[in-house]
Each structure stands twice: as structure tokens, then as C-alpha cells.
Amino acid sequence: MATTKEPLLFRLPVLSHLRRSVGLQRGMLIAGLVLTGIFLLTALLAPVLAPFGFAQRFDSQQPPSAAHLWGTTVGGYDVLSRVIWGAQTAVLVIVIAVVLSLFAGVALGLVSGYLGGWLDRVLVVVADAVYAFPTLLLAIVMSITISGGQSSLWGGILSAAISITVVFIPQYFRVIRAETIRLKAEPFVEAAKVMGASTPRIIFRHVYRNATRTLPLIFTLNSSEAVLTMAALGFLGFGIEPTSAAEWGFDLNKALSDTTAGIWWTGVFPGIAIVLAVLGLTLVGESMNDLSDSRLRGRRRAGATTGTTTGTTAGTTTGTVAGTTTDTTTASSAASSPRGATESAAPGPLEGTAGA
Amino acid sequence: MSTSTQHSGTPHNEGPATEPVLRIDHLKVTFATDGGDVHAVDDVSLSVAPGEVLAIVGESGSGKTVTAKTILGLLPETAVSSGAVLISGSDVISVSPAKLRQIRGQEVAMVFQEPSTALNPVFTVGWQIAEGLRSHGNVSRKEARARAIEALGKVGIPEPEKRVDYYPHQFSGGQKQRVVIAAALALNPGLIVADEPTTALDVTVQAEILDLLRDLRDVFGTSIVLITHNMGVVADLADRVVVMYQGDVVEEADVATLFAEPKQEYTRKLLAAVPHLGRNSASAGLTERAHQGGEVLVEARNLVIEYPGRLGSPGFRAVNDVSFTISAGEVFGLVGESGSGKTTIGRAIAGLNKVTGGSLKVLGHEMLNVRERSFRPVRRDIGFVFQDPASSFNPQLTIGECVAEPILITGDRKGPDVSRRVAELLEAVQLPAAYADRYPHELSGGQRQRASLARALALNPRLLIADEPTSALDVSVQAKVLELFREIQAEFGFAALFISHDLAVVDILSHWVGVLYKGRLVEEGIGNQVMGGPKDPYTQRLIASLPVPDPAEQARRRTARRELLRS
């Protein structure tokens, strides 16, 4: 590898993954990034984008028209505005839920994994017990205990976020604990021990930074799960009042009776919003997961310029080097600048599939 | 490149009549990696005659293993190769997968480095040998079993009829390697590719496996391609040697010529770097134990260390009734094979393992029932160098931060004073001060081990424990690190416990040598006396088994070893 340090920008999780990707994996990552980008931008610019407020009422159940592009709901809300505002609620819940569970899970995992003993045993049993509950049931119980089921904007968002947090903490806890136990036996941790370093110093300076390297992956995958859990809570009626904030799950719930009456617009749009948000986050998470693993990562074929190359692997067909004309040049330029990635995403030497 | 023959045919064989078993022509292998294309093998040509042992030697990254894997078509998907690898007429590189399967096993077989991972733990060894037979034609269950027994007998496994039904874990390491060789032999291939076949084994076992391979050649006429980095193994077994460096063939000669008069500069350097038992001994000229006037830093008396067993089963006694002392300024070399307890002793002195019984006094502190809190102040006087330089540094910290870590922990110095001390230390181990800003993965293995030494010396310790510090390094790098270690020890004057399985390496550094065998200290004495005239039967066997990098001398040692074993 290069001895010079890469600029910080390219060592950031997502960008470094983008630079390393080729072919199909790159396409998936970019599709995910675009969807997630749209999702986040919508949330950020909701006040600008939405034609009406989320709690503004009009005539109920109007079909899509010039005044209401996606029609109105049975409660008289504008569907387009509700979907756009809903993105904001979703992002808020994701951020709060993931940040809370991240802090609690990482701290508990580090301490439990490094110290071991009875503390470790108790925490593992608790985590397993939480796992044993169906996620949604747990979230509902939490939601009821926190807010009594229904509440204001922040009350609702917090209760949704905390319910999700309770489900997620064991996941972070387990990953970090397993990583910590592995690192505990590494020679560099023993080296620190031999030097006489104190336990907190070993945990925070030596273990922490090495144990948290896989977190961006869980983080993205959990975000998509958070969207789903929140939508499910809303659908079941444990979400947020329609006057406090827009919430996709709640809107879906209200659209339930519309379907038999042939009113499709109230259900389809929030539904698509959920699907796309989850799809985008999952695509980012999954492709980052594959790209971080050198065994799953697809690579450009070596020496693509020489004409007489033959694959040597037993049985497997050699990668289809399709457009051999400008392959190497486009690929290398794409690799050097992430901006050029979008254009060359689809063609290029496709070597996406690796591993068994 | 010494093999630039333009004409096809058999360029390396004296007798043009014999068809070579293997011929490699202008082989190139390129890997796709994150850092761009890597040319692992760059234009290699060689051939192997029937009944010949060809050794391919080189340091890590020389392309020797990639060459070996190409012979069996075992390259990963990221590799692209060109050229020709001809095994009895068919080109492995371009042949169809079905034909390749036929060639594997029948024409050429492989012996892997690590016998414990090359065997599948859930099947009996007989099943695994028979698997190769069954996949090459219709063999009845009974016949396959008979041939598996026969193959096990060939490689010298006692009671093959019974042991054919054993699982891999019921064999010792050396026997497992025999089973792997038996599986390779099952179809009587003309060629065996052995990739570092003895590297994972102890010296005494290594000698047995080398004898076995030699017998195979002599009795069955099997050709062997031996991939190794160990010049002693080459001197012991090979007929002809190909030296590789960075994907290229540097030199090719028969074994006697290569060791006697190496032509290329690289080969000369490589041979000079190989530690040779009895040369360059640290204890040369000593008649009595040195440094006895100084303070006794470590004193073990009837030391016992046990690892707790599982519930109900007794613990494993790793160290049993061991007594020794290390005085100030002395280098104590601890030699032993795997499982002898040498690392356990080193770790116990550093407070990483608990002492079960007896007494171990480290810098005046009794380690039996020691409390971490009371021992922590003593730690600053103990430096520790770990075996694997790659994993003994926190990958998230720069080399400078890693070396500064012990200084920061004690809080002796602050701010610019720390970085000045780090620069000083790096200079002492001959690393440029600019390396302080690099991350561990940006350094080579040898450089990392120097940095590791710098870290161990950061607080001017009175005692340094080095646990196999050079066994993960290439010979040429090892030679430099050993030289550095010797200089620094002379300069700083600390006492050291030097742990290694390599007798020659221990002899280079240590004034006083202890030999461990199954947790017991069987012999101790002045380095060159132990190496030159061992008294304990185990030490005698150990030293006789060590191959020396000189074919003529090794042949003599081999006969001497046989006589020793017979008596």
C-alpha cells in the first residue's frame, strides 16, 4: 500500500468504500447513496419542498389534482406534504435511536468484554433476554411505558426512538463485546499491559478504537431497521398524533379503509416512501459490508490490457471483459476521483461476483 | 535471469533423453489488489527431471509459493497468469477444468505447510486418503481402504491397519504431515509439490519428515518440488536449487555448487545471513558463566506453572520444577520445541501468566500470588519484545505514539521531551526519525521489530524479555535484527531472556543457554558448550536434528544423527 497518507476525505467510511468498488458492487452502492441522499435532503428541506403544512386540513379524500398533486387523505391532509414531512420525522427518529443505542451499546460492550467476570455474565443474559422478545412487542411496551401510546412531536419521536434503542443496544453490545474479547488477546493489548498501562487506558486507547471499526456497517443497516420499526409502531397506532408531526406508518394505517373504496393514493405514496428509504439505507449498508470484506470485494481484473491472458482458476469462467477499448482508462480515472464514479458506474469491467 | 533460453526443449537437464516431469516456461502471474496490479511471478522458467528434488528458495514475497500453486492450478480468482506449465505434456494454465482435476492427484500432488489445517477434522484419515482414490476412477470401498493402509505404511505410520480409522487429532504434528504425504502419494503421482512442508514442525520432527521425503525419492523415484525459506532444509534434501527474488529467478545451480560458490550477489548475501550453528557464538571463548558478580534479577526455584483444565479434568502442567537465575547484564537463552514451556516462563516473568507453585523472584518481587497493583511499579524495569511484530502494535496509533506509550504511562516526561526521547530511541534502533509519523502497517516486518525493540527500551529497563523476536522475519532481516540486538545489549547493558526455538539464533546472542523439554529444564550451560557437546540425550537429539546450510557437512551430520538414534 501507499506509504503516503491519503487525504482524510478518502479515509471516511463511505467515500473510501466508493473508491474501492467496481462493477455491480459500485452500482449498488451508488444507487443506495442516491436514494439515501434524496431521503436526507427531503427531510432537511421539508419546509421548502412541502406545499402545505403536515397538519393543514382540506376536503377529505380528493383524488390527485393540480391543487393536491397526490390527493388528500380521509382526514383531509395533503398526501404529498405528509410524505415529505414524514421524511423529517423518520430521520429524527433514526438519528436519536441509533445515537442512543450506539453510546450505550459500545460502552457496555467494551466494559463487559474487557473486564469479564460476573458483570459480563449478567449483561450477556440481559442482552439475550432482550433478544428473545419479538422486536415489535418490546417496542410497543416501551412506547406505552414512555408516553402512554400517543403524544406530542418530541414526546412521540423520543418514545419511538427509545423503543427502538432498547432493541438495538444488544446488537451493538454483542458486536463490540465479541470484538473486545478478540482484541484482549492481541499482542498489542498485552504489550500495553506489560508496560503497566491502567485498565481504563487500555480500554479507551487500545481496544476502543480498534473495536469500533465495523460500526458504520451496523449503523447503516440498523437505520433501515429503525425506519421499519417506527413505521410499524405508527401503523399499529403507537406513533405520533397527526397534528404533531407527519408519520408514514400512521398514514398507512388511516389509508387501510380507503383501499376497498378504490382510493389508492393515500396508501401508495407513504408506502413507496418507506420502501425507498429502507432500500437506500440497506443498499448502502450491504455494499459497505461486502466492500469491507476483502474476500467479498470484487476487483478489477489484473493486467486487463494484455491480450493473451487466460484465467487459471479451476472451473470458473474468466470475468467478461466486455468493452476492452477504454476499460482501464475509465476505470482508473473513476478510481482516482469519486466524482467520476457516477458516469462509469454502469459499464467498466464487470467483475462483481467473487467468492463462492 | 539466468534462464533466458530461447529454444524449447529441456534446457536444464544433462541427459536430453529424459523427458522432464514438470516444465515451466516464461510463467508470469499477476494479482489484482487494492493497491493496483502486483506482479508476483515475473518470467520464471524451470524444469524438474524424474527423481529429482528441486528446491525453490526465497524470502517472503519472492513468488515461490505462487509458483508452486500455479503448478497445481490453485491460484485465486484475482490472479492472471501467462506462459506455460507443462506436466507430462499438458499445460496446466490452459487445460480444461476436468482435465486439470485428472492431472491433480494422478500426475502431481501437493503437501501443505500446516498439516493440522490440511486435514479435515471430521473424517478419518483413511477416508481422506481414499477420497483422492475414489475421485479418480471406480475404486471399491474395500480396495480404497487397502490402498489407504498401504499408503500409510509407506510413510512410516506404525500399525496402519488400525490407525487408518483414526481422526486427525489422534496424530501428532509430525504424523499428521506423514498422513498428508500419504494422501499425496495415494495415486503414485510422478511429482510432489511440497510447500514449506516442515516449517510448522519442530526440528526433531522436521528431520524425520525430510528423511521420509528423501526415501520417497530414492525408493519410488518421485520428483519433488520443495518450496522453502530454510537453507538448512535445502542443504539436506535438494539436488538442484532455484533462488527466487521478487518474482524472478536469480540463480539456478545444483546444491553443492550453490552453497560452495554462489554466483549472484543476492544469493551470497542470503547465504551469509543464514545463522550457522557453532559460528558467530556470543559465548565464544567463555570458560565460566559470565556476569555472576552482578545482582540476580530473576530467580526461579522449583517453578511450576499450570494452565487450569476444564471442569473435572486436571490442569496442564506447562512448566515443571524449573530453577534458573538471570543476573544483571547477562543474556539467558531459552531453547525448546513447541510446547516446552519456554514462552510460558517468559510471560510469567512479565506477569502475564500466573505462577502455580515454587518461587519466581523478578527484580526482588515474588511472583507467586502476586497482585497486579503491587507489581505495576516493577513493570517499568521490564521490557518485552513480542514474537509477531505485526500484531504487537496498535494499528490505530503511529509508531511514534506506540513507542511513546510507556513513557506517557509512567508520566516521567511531558510534551516535546517525549518526542525527543522517541527520536532518540528510533535512532538507537537505526530507524529514521521520520518513521514516527507512520502507521505500523506502513513498515516492513524488520522495521516493525526494530520499533518494537525501541518501545521495549523506552524506559531503560534492567531486564528485557524477547519471545521469539525474529521467528516471523526473513533470514536477511533476522540477521540484521540480531546484530542490532547484540549491539544494543552491549551498549545499554540490560539483562535479557532470549526465547527461541532456533538453536543457531540463540547461540548468536546468549551467554548462557537453558534447554527446555516438556516443561523441564534438561540442560543449561555456556552457549557454545551446550551446542558443541550436549550432555542430555534430548539436547543431543535436538542439535543433531538441526540441518546446517552446507550440503557436505549436513550429509555428515545426517549419518551421525542416524547413529545417535540407533544407539
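In this predicted model, helix H16 (residues 445-457) of chain B packs against helix H17 (residues 475-492) of chain B at an angle of about 20°, and their axes lie 10 Å apart. Since angles under 35 degrees count as roughly parallel, H16(B) and H17(B) are therefore roughly parallel to each other, and the crossing of H16(B) and H17(B) is right-handed. On the side of H16(B), the contact involves Gly445(B), Gly446(B), Gln449(B), Arg450(B), Leu453(B) and Leu457(B), which meet Val477(B), Lys480(B), Val481(B), Leu484(B), Phe485(B) and Phe492(B) in H17(B). By character, the residues of this contact between H16(B) and H17(B) comprise seven nonpolar, three polar and two charged.

Chain B also holds an open sheet of four strands, arranged in the order S12-S11-S14-S15 with antiparallel pairing. Its edge strands are strand S12 (316-327) and strand S15 (365-366) of chain B, each of which pairs on one side only. Strand S11 (residues 296-307) of chain B pairs with S12(B) in the antiparallel sense over eight bridges, and within this part of the sheet Tyr307(B) has Phe316(B) in S12(B) as its bridge partner. Helix H12 (residues 342-349) of chain B packs on the sheet, where it touches S11, S12 and strand S14 (357-362) of chain B, and the direction of H12 makes about 60° with that of S12(B).

The two angles that involve helices are set out below.

| Pair of elements | Angle |
|---|---|
| H16(B) and H17(B) | about 20° |
| H12(B) and S12(B) | about 60° |

Terms used
Residues are numbered from 1 along each chain as its sequence is written. Chains are lettered from A and ligands numbered from 1 in the order in which they are written. This is a predicted model: local features need pLDDT of at least 70, side-chain atom pairs count only at pLDDT 80 or more; totals for chains, interfaces and linings use all residues. Axes are lines fitted to C-alpha atoms, for helices over the stretch in contact, and angles run from 0 to 180 degrees between N-to-C directions. Helices (H or I, at least four residues) and strands (E, at least two) are DSSP runs, numbered from the N terminus. Angles under 35 degrees count as roughly parallel, over 145 as roughly antiparallel, 65 to 115 as roughly perpendicular and the rest as oblique. A crossing is left-handed if the near helix is turned anticlockwise from the far one by less than a right angle, and right-handed if clockwise. Two residues are in contact if their C-beta atoms, placed from the backbone, lie within 7 Å. Ala, Val, Leu, Ile, Met, Phe, Trp, Tyr, Cys and Pro count as nonpolar, Asp, Glu, Lys and Arg as charged, and the others, Gly among them, as polar. Two strands pair if DSSP finds at least two bridges between them.
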